[in-house]
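Biologist: I'm new to this one. Can you walk me through the structure?
Modeller: Sure, here it is.
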Amino acid sequence: MAFCCFTTHIALAQHKLVPTPTTVAWGYYDAAALPVLRIKSGETVNVHTLITSTPARLEGAGVAPAQVEPALRDITTHVTNKGPGGHILTGPIFVEGAEPGDVLEVRIQSIKLAIPYAYNAFGPTSGFIPEDFPYARMKIIPLDAKKMVAHFAPGIDVPLRPFFGSMGVAPPAAAGRLNSAPPGIHGGNLDNKELVAGTTLYLPIHAAGALFFVGDGHAGQGNGEVDITALETSLTGTLQFIVRKDLHLKLPRAETPTAYISMGLNEDLTLAAKDAVREMIAFLVAEKGLTRDDAYMLCSVAADLNTTQVVDGTRGAHMILPKSIFQKPAKVKTK
């Protein structure tokens with residue numbers, strides 16, 4: 001099934017992965033990257049990801065030196081194999097038994113703030129309307145973990161919904177090293193604000209072991225991410241990984257406790273949106289038994305088509321369909 005729950009009653013190992021110069025991939029997804037952790041299907045990993053910035057930039061924007069994570073200093077100083085993108089990704093994680101053609105089910109069990117601040121920034125050549133903002137600006141924004149809000153400005157508090165902006169597997173080996181900024185069939189920098197704790201992400205696998213990377217922590221984000229950054233921060237999270245031999249997907253999909261989510265990715269936002277609709281239709285036909293005509297109609301009357309992001313080179317769209325519209329089978333009465 002494209003969206004389903006898989007449960008296990010076997011006690012499986014839990015791992016911890018922290019960012020160091022030898023456990024991160026700076027700015028890329030690559031099937032040739034050496035695994036930094038090997039796990040079995042069904043196991044969980046508590047992972048720490050770092051803010052997408054450098055100590056110099058953060059301190060220049062007003063962060064006290066003592067508030068810059070030591071791990072970020074170490075990685076900035078010692079990692080020279082980096083690029084072409086700018087995200088510091090923790091991983092990759094090798095999942096035993098994962099093969100090309102399978103799907104990696106990533107259950108996002110928890111996500112927590114790792115530092116008490118975030119930043120938002122734009123530049124003269126980035127964002128959705130750089131012609132209106134031909135200069136650079138960076139703003140440090142305090143995060144209140146108790147109230148779960150960001151103190152954006154006096155009188156303006158933004159609710160926090162932390163998620164990892166970038167979660168993906170290695171692309172096909174023939175693709176070589178991919179820039180961490182544009183998302184693709186491997187997932188990657190999806191910047192989908194729905195991928196909070198409690199959500200499950202499904203990623204098509206293209207390399208042995210899947211090779212899962214994660215990073216680009218966001219404390220919150222608006223759909224579109226129009227200036228090119230969200231509430232950029234460091235996060236910790238607990239993720240469970242399950243190899244699905246019964247699934248075969250072309251693009252990433254997701255599932256929340258209350259909804260199904262299809263995704264579309266393309267340099268043209270219109271084509272990305274069309275792919276998101278087509279993916280939801282394919283799900284409804286395969287898993288809910290609808291005809292293509294009825295599936296198309298149901299998408300129009302019950303699903304929401306959203307712009308995920310418009311700033312990562314490859315645009316993203318996603319469609320959200322509530323589970324509540326599907327009636328649960330009636331219970332059979334027993335004497």
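Modeller: Contact here means heavy atoms within 4.5 Å. This is a predicted model: local features need pLDDT of at least 70, side-chain atom pairs count only at pLDDT 80 or more, and totals for chains, interfaces and linings use all residues. Residues are numbered from 1 along each chain as its sequence is written, and side-chain values use heavy atoms, with hydrogens and water left out.
Biologist: Which domains does the assignment give?
Modeller: Domain 1 (15-247) and domain 2 (258-324). Such bounds come from an automatic or database domain assignment.
Biologist: How many residues of each are in contact?
Modeller: 19 residues of domain 1 are in contact with 14 of domain 2.
Biologist: How many salt bridges between domain 1 and domain 2?
Modeller: Zero. That would take a side-chain nitrogen of Lys or Arg within 4 Å of a carboxyl oxygen of Asp or Glu.
Biologist: New topic. Which residues touch the most other members in the largest nonpolar core?
Modeller: Leu104, Leu201, Phe212 and Phe241, out of 34 residues. A nonpolar core is a set of buried Ala, Val, Leu, Ile, Met, Phe, Trp, Tyr and Cys residues joined through side-chain atoms within 4.5 Å. Buried means under 20% relative accessible area (1.4 Å probe, protein chains only).
Biologist: Why does this core lie between the domains?
Modeller: Because domain 1 and domain 2 both give residues to this core.
Biologist: Any other core?
Modeller: Another core lies apart from it, with 16 residues, among them Trp26 and Tyr117.

How values were computed
Buried means under 20% relative accessible area, exposed over 50%, partly exposed in between (1.4 Å probe, protein chains only).
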